[in-house]
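I opened this entry to keep track of what I looked up, and in what order. I begin with the overall layout and then go to single strands and residues.

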Amino acid sequence: MQRNLLNTLMAAALCSTIAASAANAQLITQDVVRTKDGLPVYDTNGGCVRTKWEGGDASCADSLSLEQRTIYFAFDSAKVDAVGKAKLDRLSGQITGSRSVLGARIVGYADPIGDAKYNLMLSKRRAEAVAYYLASKGVINTSVADVRALGEKSARATCPKNLKRKERIACLAPDRRVEVELVYSK
């Protein structure tokens with residue numbers, strides 16, 4: 001009987017330890033209030049709205065994933081499409097709502113189809129299109145933003161060599177992009 005009581009007490013202690021660990025993990029991941037899109041909610045002073053269980057180091061600075069800050073382009077185009085504009089509008093909202101954003105680094109890329117020199121210029125036009133769109137929203141000063149072009153460098157896509165042109169263009173879509181990195185104050 002004592003052995004059963006001891007086993008029951010040990011099991012209860014283990015369960016409470018696991019529950020406490022789960023509760024602590026929940027406290028850390030829930031300290032910044034976010035919208036259904038994963039964006040942080042800001043108060044009228046530009047600070048993050050946090051739950052009453054502040055814990056951990058979660059900050060607003062890292063609130064957007066790389067994918068949320070990446071704008072994709074059609075083949076041989078530097079025009080920001082409707083999907084790209086929607087992403088940039090969300091990004092604009094975050095920049096406007098944050099007092100800690102100092103600037104932006106905007107980097108354009110191209111796929112390896114065609115001449116490398118042309119692709120470098122195309123990636124520059126893409127980066128400039130994103131910078132001008134953000135400037136038109138009043139969120140960045142294009143003379144302060146770091147706008148760079150890397151052309152075919154830093155490819156994401158890995159495509160089989162034997163693809164037909166149309167299939168290769170579709171496969172290389174992740175390489176036709178602009179990435180926006182926000183620079184925050186310390």
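**Layout of the chain**

I first read off the order of elements, which from the N terminus runs α-β-α-β-α-β-α-β. That gives 4 helices and 4 strands in the protein. I note at the outset that this is a predicted model, so what follows are values computed from it.

I then looked up the totals for the protein. Of its 186 residues, 33% count as buried, and the accessible surface comes to about 11600 Å², with 56% of it belonging to carbon and sulfur atoms. Taking contacts between residues at least 6 apart in sequence, I find that 69% join residues at least 24 apart.

**Strands and their pairing**

I went next to S4, which spans residues 177-184 and is mostly covered, with 6 of its 8 residues buried. Which strands does S4 pair with, and in which sense? Strand S1 (residues 70-72) runs antiparallel to S4 and is joined to it by 3 bridges, and strand S2 (residues 101-108) is likewise antiparallel to S4, with 7 bridges between them.

For individual partners, I noted that Tyr-72 is bridged to Arg-177 in S4. From S2, Gly-103 stands opposite Val-183, and Ala-104 has Leu-182 as its bridge partner.

S2 also pairs with S3, here in the parallel sense and over 4 bridges; in that pairing Gly-108 has Ala-149 as its partner in S3. I then checked the burial of S2: because 6 of its 8 residues are buried, S2 is largely enclosed by the rest of the structure.

**Ala-149 in S3**

I followed the Gly-108 bridge to Ala-149, which lies in strand S3 (residues 146-149). Is Ala-149 buried or partly exposed? Its relative accessible area is 23%, so I enter it as partly exposed, given that buried would require under 20%. Leaving aside neighbours within four places in sequence, Ala-149 is in contact with Gly-108, Leu-120, Ser-123 and Lys-124. Of these I looked further at Ser-123, which is 26 residues away from Ala-149 in sequence, with 5.3 Å between the two C-alpha atoms.

**Arg-176 and Arg-177**

I turned to Arg-176, which sits in the loop between helix H4 (165-171) and strand S4. Its relative accessibility is 5%, and therefore it counts as buried. What does the side chain of Arg-176 make a polar contact with? I find the side chain of Asp-111 there, at 2.6 Å. Beyond four places in sequence, the residues that Arg-176 touches include Ile-71, Tyr-72, Phe-73, Ala-74 and Phe-75, and also Tyr-109, Arg-126 and Ile-169.

For Arg-177 I looked up its position relative to an aromatic ring: Arg-177 lies over the face of Tyr-109, at 3.8 Å from the ring centre. I also searched the whole structure for aromatic pairs, and the search returned 0.

**Glu-67 ahead of S1**

I looked up Glu-67, which is placed in the loop between helix H1 (2-29) and S1. With a relative accessible area of 40%, Glu-67 is partly exposed. Its side chain makes a polar contact of 2.9 Å with the side chain of Tyr-72. Apart from residues up to four places away in sequence, Glu-67 touches Tyr-72, Lys-87 and Arg-156. I also recorded its C-alpha distance to Val-180, which is 9.8 Å across a sequence separation of 113 residues.

**Backbone angles**

My last check concerned phi. Most residues other than glycine have a negative phi, so I looked for departures from this.

Asp-76 has a phi near 55°, a positive value in a residue other than glycine. I located Asp-76 in the loop between S1 and helix H2 (82-97), where its relative accessibility of 43% makes it partly exposed.

Ser-154 has a positive phi of about 60°, although it is not a glycine. This residue is found in the loop between S3 and H4, and Ser-154 counts as partly exposed at 46% relative accessibility.

Note on methods:
Residues are numbered from 1 along each chain as its sequence is written. This is a predicted model: local features need pLDDT of at least 70, side-chain atom pairs count only at pLDDT 80 or more; totals for chains, interfaces and linings use all residues. Side-chain values use heavy atoms; hydrogens and water are left out. Helices (H or I, at least four residues) and strands (E, at least two) are DSSP runs, numbered from the N terminus. Buried means under 20% relative accessible area, exposed over 50%, partly exposed in between (1.4 Å probe, protein chains only). Contact means heavy atoms within 4.5 Å. Accessible areas come from the Shrake-Rupley method with a 1.4 Å probe; for residues, only the protein chains shown count as cover. A polar contact is a pair of N or O atoms within 3.5 Å; within protein, one must be able to donate a hydrogen and the other to accept it, and residues adjacent in sequence count only if both atoms are side-chain atoms. Two strands pair if DSSP finds at least two bridges between them. Rings of Phe, Tyr and Trp (its six-membered ring) pair if their centres lie within 6.5 Å; planes under 30 degrees apart count as stacked, over 60 as edge-to-face and the rest as tilted. A charge sits over a ring if NZ of Lys or CZ of Arg is within 6 Å of the ring centre and within 35 degrees of the ring normal.
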